[in-house]
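Trainee: Please take a close look at one single part of this model. I should like a connected account of that part, together with the surroundings that bear on it.

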Amino acid sequence: MNRPPFGPSLSRRNVLSSLAAIPALALLAACSDSGEEAKAADVKPADPAAPAKPATPAAATVPEAQGTVDMAELLKPGALPDKQLGKDDAKVTIVEYASMTCPHCAHFAETTFPDLKTKYIDTGKARYILREFPFDPSAEAGFMLARCAKDNYFPMVDVLFKQQANWVGVSNTKDALLQISKLAGFTQESFEACLTDQKLLDDVRSVQKRGANEFKVDSTPTFFINGKTYKGAMSIEEMSAIIDPLL
């Protein structure tokens, strides 16, 4: 799972504070300048054990929960409206806190989420909520662009995860994001307008801050499934082992 880029002498609070000091007007430049930092501190190979396990549901081990949260508190509205897939009355609610530059989040999005969507979300058994938890300016920019994509939030997130290697840790993240955004219908003007929207940046940071302060999110991906906390990317077999008993 992805953890914030800080060493033993620098606390998570200080890192988040230093990131929050970057204003929206400087975000475009920050995206261009943060490539090597992101590559060194944030982008690490996915765990070797991450590939999908043999499809034998009976053999799947139920992952151990790493805590609990009050679902009523978790689902209270935050600075940004939740982006959701699935029915409000589904028996299972999955809330994921992710970072756009997290390789483990991208791995989950590519290998587990399609099956999760087909098996549980599209069938009305579960609803899925994605919340922003960026660890660096590039991740903030990615989430801002997804929000600016309006109804195409999830398709934009999907593209950014699939193309992660092409824009995270490269020499000019800004230009790489611009090219991806143009394929999603952005112009140069709408791209720059999005990434210089101070209120949107503040709201994205508020979602992250709330996740850290109220629900103790400190790594990505972190999942809350009907009030129980699970950290790290999971296979569809592991998620099924958690979800099926709740149905």
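Mentor: A contact, in what follows, means heavy atoms within 4.5 Å of each other. The model is a predicted one. The part I have chosen is strand β4, which covers residues 222-225, and I shall reach it by way of the core.

On that criterion, and leaving aside residues up to four places away in sequence, Leu116 touches Ile94, Phe108, Ile121, Ile236, Met239 and Ile243. Leu116 is also among the residues with the most contacts inside the largest nonpolar core, together with Ile94, Tyr97, Ile225 and Met239. That core has 64 residues. In soluble globular proteins, nonpolar side chains tend to be buried together.

Ile225 brings us to the strand itself. Which faces of β4 are covered? Both are: Thr222 and Phe224 are buried on one side, and Phe223 and Ile225 are buried on the other.

The pairing of β4 can be taken one neighbour at a time. Strand β2, residues 92-98, runs antiparallel to β4 and is joined to it by four bridges. Within this pairing, Tyr97 has Thr222 as its bridge partner. Strand β5, residues 228-231, also pairs with β4 in the antiparallel sense, again over four bridges. There, Phe224 stands opposite Thr229.

The turn from β4 into β5 deserves separate attention. The hairpin has two residues between its strands, and Asn226 lies in that loop. The phi of Asn226 is positive, near 50°, although the residue is not glycine. What is the exposure of Asn226? It is partly exposed, because its relative accessible area is 30%, and that value falls between the cut-offs of 20% for buried and 50% for exposed.

The approach to β4 from the other direction begins with helix α12, residues 198-215. Its 18 residues reach 25 Å from the first C-alpha to the last, close to the 26 Å expected at 1.5 Å a residue. At the start of the helix, a side-chain oxygen of Asp197 comes to within 3.2 Å of the backbone nitrogen of Lys199. Many positions along α12 are named as buried, including Leu200, Leu201, Val204, Val207, Ala212 and Phe215. Polar and charged residues appear there too, among them Asp203, Arg205, Gln208 and Arg210.

Lys216 follows α12 and lies in the loop between that helix and β4. Its phi is near 60°, a positive value in a residue other than glycine. Lys216 counts as exposed, because its relative accessibility is 58%. The loop from α12 to β4 also holds Pro221, and the peptide bond from Thr220 to Pro221 is cis, with omega near -5°.

The aromatic side chains add a further layer. The count of aromatic pairs comes to eight. The rings of Tyr97 and Phe224 have centres 6.0 Å apart and planes at 85°, so this pair is edge-to-face. Tyr97 belongs to strand β2 and Phe224 to strand β4, so the pair ties together parts that are 127 residues apart in sequence. Tyr97 and Phe224 are both buried. Another pair serves for comparison: the ring centres of Tyr128 and Phe154 are 6.2 Å apart and the planes stand at 50°, so that pair is tilted. Tyr128 in strand β3 and Phe154 in helix α8 are 26 residues apart, and their pair links distant parts of the chain. Both Tyr128 and Phe154 are buried.

Tyr97 and Phe224 are also members of one aromatic cluster, which they form with Phe133, Phe135 and Phe215. Phe215 is one of the buried residues of α12.

To summarise the close look: β4 is covered on both faces, is joined by four bridges to β2, and pairs over four bridges with β5. Its residue Phe224 takes part in the aromatic cluster, while Ile225 is among the residues with the most contacts inside the largest nonpolar core. The loop before β4 contains the exposed Lys216 and the cis peptide bond that leads to Pro221. The loop after β4 contains Asn226, with its positive phi near 50°.

Note on methods: Residues numbered from 1 in each chain as written. Predicted model: local features only at pLDDT ≥ 70, side-chain atom pairs only at ≥ 80, totals over all residues. Heavy atoms only, no water. Buried < 20%, exposed > 50% of the residue type's maximum accessible area, 1.4 Å probe, protein only. Pairing = 2+ DSSP bridges. Core = buried A, V, L, I, M, F, W, Y, C linked by side-chain atoms within 4.5 Å. Expected span 1.5 Å × (residues − 1). Polar contact = N/O pair within 3.5 Å; in protein donor to acceptor, adjacent residues only side chain to side chain. Phe/Tyr/Trp six-rings, centres within 6.5 Å; stacked < 30°, edge-to-face > 60°.
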